[in-house]
Amino acid sequence: MLALVAAPAALALGVAAPGSWALAVLWVLGVALLVLVDGMLASGLRGPITVTAPAAVPVGADVTLRPEMAGAPSLDFAAEVSEPLIRRTGFAYRAARRGTARIERVWARARGPLGLGAWQRSHPADIAVRVTPDIAGVRETAMRQRFNGPQFGQRMRLEAGEGQEFQALTGFQPGMARRTIDWKASARHLSLLAREYRTERDNPIVLAVDAGRVMAEPVGGVPRIDRAVSAALLAAFVALKSGDRARLFAFDSKPRVDSGSVSGPRAFARLHAHAAEIDYGAEETNFTLGLTLLDQRLDRRSLIVLFTEFSDPTAAELMLAAAGRLLRRHRLLFVLFHDEELATFAEARPTNADDVTRANVAHTLLRERRIVVERLKRQGIDVIEAAAGDAPLALVERYLQMRERP
C-alpha cells in the first residue's frame, strides 16, 4: 500500500523536477526502516509452542488442531501435518483414511503493530494422531445381533445347553432336539431325560486381514481392507463379550500387525488401537509366509477368520496351498466380498466392442473366482461370500454357529 501511494507522487515528481529523483530513494529507504522497526517491535516468541490434538479419531471425523504459545495469544501458526489428515481450512482437518498422522513441525509468527514486519520461529512437534476404524455402531450392532435377534430364546438356551461340555440332566421338553435324549438314564428313571451341555469359553479366534494390494481396491466405494477391519472388529467384540479370546493379525508381503491373544471386553480397546495400524498395502500378498508364521505363533487349535481377495489364478493357488497346511491344526473361515463392479460389467448390455470385451473379461474373472471358492469348500474350509454391507453380520452369525456347535 505504501508503494501504491508513492507511485503517482514519484511519477509527478519525475515530470516536474527530474533532478529530484533522490527523494524516491529516500522514500524506499524510509519504508524499509519502518519495516525493520515494526519487526523489532514484534514480540512474543520466547515461550515453547504447544499443539493440542486428539490422540485418536475415527475415520471420516473432523479434527481441529489448536497450537498456542503461553503469553502470546495473537500469534499466527502453521503446521506440517502428514496424511491421513487432509487439510480443509486453517487448522481444520478431515481424517480421510485409517493410519497414523504425524504433526512434524509447527511454525509461529509474531507480527509488528503496523503489520509490516514479523518474526517467525519453528519448533519440532512429533505428535501422532491415530485414525482408527469408526466403531460408533459396533457395540450396538454386536449386542443386538448377539442377544436381540429372532433367536433370542434359543441363543440364551444354547449358551447353557448345546456346547460340548456336559452340564446336567434335565427333563425332556417339547422343542428339544431328539439327539439330546439320554436313553439309558431315561430307562433307569422311567421318564425322558435330556442332556444339557455348556458352550465352551476361552475359545481362540484369530481375525487375519490380508493387507495386500488387492485389498486396497474399493468395493462399493470403500476399500476392501476398511470393510474387512470393520467386520473383524465387530466379530472381535462379540467374541470378547462371549468369553472367548481374540487376536488381530494383518499381513501382506510379510506380517505387519499382531495384537496377540486378548480376552475380556476391556481388551477391545487394544484391538481397536492395533486395527488403526493396518495400512493400505501396495505389495502383493505372500500367503505362504504370512499364514505359516501365524501358524507358528498359535499354541493351540483356533478358529482363523481370513479376510482376503485374489485377483489371478497364481495367487489363488498359493493361497489354497497355504490354507491346506493351516487346516491341519485349525479351523478356517474365509470371508470374501462380492465384487459388485465385475458383476455390473458382466450383466451390462453391451453397446460397442469395448463393452463386449469388458463383459468377457468380467465373466472370466467371476468364473475363476467361483472355481477357487469351490476348491476351498472341498478342502473343508468354510466360506462366507456376501455383499460388503451384509458381510459383518453374516460373519457374526456364522461365528456364533461354529462356536455353539464346534
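This is a short walk through a predicted model, one selection at a time.

Before you click, note that residues count from 1 along each chain as its sequence is written, and that side-chain values use heavy atoms, with hydrogens and water left out. In this predicted model, local features need pLDDT of at least 70 and side-chain atom pairs count only at pLDDT 80 or more, while totals for chains, interfaces and linings use all residues.

**Stop 1: the rings**

Select Phe251 and Phe287. Their ring centres are 6.2 Å apart and their planes stand at 75 degrees, so this pair is edge-to-face. (Rings of Phe, Tyr and Trp, using its six-membered ring, pair if their centres lie within 6.5 Å; planes under 30 degrees apart count as stacked, over 60 as edge-to-face and the rest as tilted.) Phe251 belongs to strand S15 (residues 245–251) and Phe287 to helix H8 (residues 287–297), 36 residues apart, so the pair links distant parts of the chain. Helices (H or I, at least four residues) and strands (E, at least two) are DSSP runs, numbered from the N terminus.

Switch on a surface and you'll find Phe251 buried at a relative accessible area of 0%, and Phe287 buried at 3%. (Buried means under 20%, exposed over 50%, partly exposed in between, with a 1.4 Å probe and protein chains only.) Now add Phe249: with Phe251 and Phe287 it forms one aromatic cluster.

**Stop 2: charges over rings**

Jump to Arg358, whose charged end sits over the ring of Phe345, 5.6 Å from its centre. Then try Arg369, with its charged end over the ring of Phe310, 5.8 Å from the centre. (That takes NZ of Lys or CZ of Arg within 6 Å of the ring centre and within 35 degrees of the ring normal.)

**Stop 3: the pocket**

Keep Phe310 selected and add Glu309, Ser311, Leu342 and Leu365: of the 21 residues lining the largest pocket, these five are the closest to its centre. The volume is about 420 Å³, meaning the space filled by probe spheres set on grid points joined across faces, edges and corners. (On a 1 Å grid over the protein atoms alone, a pocket is an open set of points where a 1.4 Å probe fits, with protein on both sides within 12 Å along at least five of seven lines; lining residues have an atom within 4 Å of a point.) Colour helix H11 (353–378); H11 gives the most to this lining, with six residues.
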